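Got the viewer open? Keep the selection box handy, and we'll go from stop to stop.

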Amino acid sequence: MAAVPLGFNIDTPRWDQSTFMGRLKHFLNITDPRTVLVPEEELDRAKALLWACRAGLVPPGNSQEQLLYAKKLYDSAFHPDSGEKMNLIGRMSFQVPGGMALTGCMLQFYRTVPAVVFWQWVNQSFNAIVNYTNRNAASPISLRQIGVAYVMATGTALATAVGLNLYTKRAPPLLARWVPFAAVAAANCVNIPMMRQQEIINGIAVTDGDNNELGRSRRAAVKGIAQVVLSRITMAAPGMIILPIIMERLEKFTFMQRIRVLHAPLQVLLCGGFLLFMVPTACALFPQRCSLALADLEPELRDSIVTKHGDKVPYVYFNKGL
């Protein structure tokens, strides 16, 4: 076994996570959709190599670049809290291929109620898997709570989409094309908090700057979940707002009217182009390791920390999820 290169820390992101550009580069790396094609065996080897590196030893012949690639695969496929391999559909690296197909279909098939119902249901099923997969793993959730969250989010999306679809029958065509985004945004405001309700009820673990656990905070959970909701809406917004404008203008051309069968594939591809940049951008809006001022914590937790540590802990830190 060889020693880890001097000064190299496998658990430290390659780029400064206190800046937006640093976080953007980090998420461009780990949300790379090409990683979904990596065989399971290679992911397991990356995990083994990462753990060996943490122990201070790596098999001979592994360069620093190989270690960084193993870290990329690990970060893209394994949960940051539990270290367990995430299901393929729920990984952020699957957001581009999965999201582009669903978003493109929602934007294309928005004119009839059955089509709206079907694609909103499929999309919320996909979102439920993503939200469950990327939750804070330290807060378990029961199957019943998962079911309630799924039903409420799906119901919210369907009610918003169908209601607005009927309301915009006589409105300008462009407004009808924006209905899917309104439904997705409304559902995200329900789906994510419901799927992660245990974090709000029981709080999530908060630590000091050296990762020593200090207790559990409900306010930290609320802040983290609110940031995730905003990130997910931001992720969908450009494609679902700008693309309808593009399609509305393109469809006025004669050549587009002749190839209607290609409209859906075209929208799927264009959605992929938006998501390729918006997935890492939205993830980078807020730090993954979120912070909260001591003064903003629940009084009982704040008093407990002050009693034990005095004024040495001005901020607490926690994983907000994705």
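Below is a walk through this predicted model, from the domains down to single residues.

**Stop 1: the two domains**

Start by colouring residues 20-78 and 92-319 separately: the domain assignment calls them domain 1 and domain 2. If you drop a C-alpha centre on each, the two points sit 26 Å apart. Now show the residues in contact across the boundary, and you should get 12 from domain 1 and 15 from domain 2.

How much area is buried between domain 1 and domain 2? About 1000 Å², with carbon and sulfur atoms giving 73% of that. On the domain 1 side, pick out R23, F27 and T31: these lose the most area to domain 2, and together they make up 46% of what that side buries.

**Stop 2: helix α2**

Stay with the lower residue numbers and select 40-54, which is helix α2. Its 15 residues should span 21 Å at 1.5 Å a residue, and since the end C-alpha atoms are 21 Å apart, the helix agrees with that expectation. Show side chains for L43, A46, K47, L49, L50, A52 and C53, and you have the buried residues of α2. Then add β2 (57-58) and α3 (64-77), which are among the elements covering them. Before you leave, click on G56, just after α2: its phi is positive, about 100°.

**Stop 3: helix α4**

Next, select 95-108 for helix α4. This one has 14 residues and reaches 19 Å from first C-alpha to last, close to the 20 Å expected at 1.5 Å a residue.

Is α4 mostly covered or mostly open? Mostly covered, with 12 of the 14 residues buried. Among the buried ones are Q95, M100, C105 and Q108. To see what does the covering, switch on α5, α7 (173-177), α8 (179-195), α10 (218-250) and α12 (263-283), which are all included in it.

**Stop 4: the aromatic cluster**

There are five aromatic pairs in the structure. For one of them, select F118 and W119: the rings are edge-to-face, 5.0 Å centre to centre with 80° between the planes. Keep F118 and swap W119 for W121, and the pair becomes tilted, at 6.1 Å and 50°.

F118 and W121 both lie in helix α5 (residues 113-133), three residues apart, about one turn of the helix. Why does F118 count as partly exposed? Because its relative accessibility is 41%, and partly exposed runs between 20% and 50%. W121 comes out at 41% too, so it is also partly exposed. Add F109 to the selection, and F109, F118, W119 and W121 make up one aromatic cluster.

**Stop 5: V179 in helix α8**

Go back to α8 and zoom in on V179, a residue of that helix. With only 5% relative accessibility, V179 counts as buried. Its contacts, leaving out residues up to four places away in sequence, are A161, L164, N165 and T168. Try a distance to V116 as well: the two residues are 63 apart along the chain, yet their C-alpha atoms are separated by 9.6 Å.

**Stop 6: a loop with a positive phi**

Move along to N211, in the loop between β3 (204-207) and β4 (213-217). Check the backbone here, as N211 has a positive phi of about 70° although it is not a glycine. N211 is exposed, with a relative accessible area of 55%.

**Stop 7: an arginine over a ring, and H309**

Select R289 and Y317 together. R289 lies over the face of Y317, at 4.5 Å from the ring centre.

Last, pick H309, in helix α13 (residues 299-309). H309 is partly exposed, at 31% relative accessibility. Draw a line from there to A282, 27 residues away along the chain, and the C-alpha separation reads 35 Å.

Terms used
Residues numbered from 1 in each chain as written. Heavy atoms only, no water. Phe/Tyr/Trp six-rings, centres within 6.5 Å; stacked < 30°, edge-to-face > 60°. Buried < 20%, exposed > 50% of the residue type's maximum accessible area, 1.4 Å probe, protein only. Helix = DSSP H or I, 4+ residues; strand = E, 2+ residues; numbered from the N terminus. Lys NZ or Arg CZ within 6 Å of the ring centre and 35° of its normal. Expected span 1.5 Å × (residues − 1). Contact = heavy atoms within 4.5 Å. Domains from an automatic or database assignment. Buried area = accessible area lost by both parts, 1.4 Å probe.
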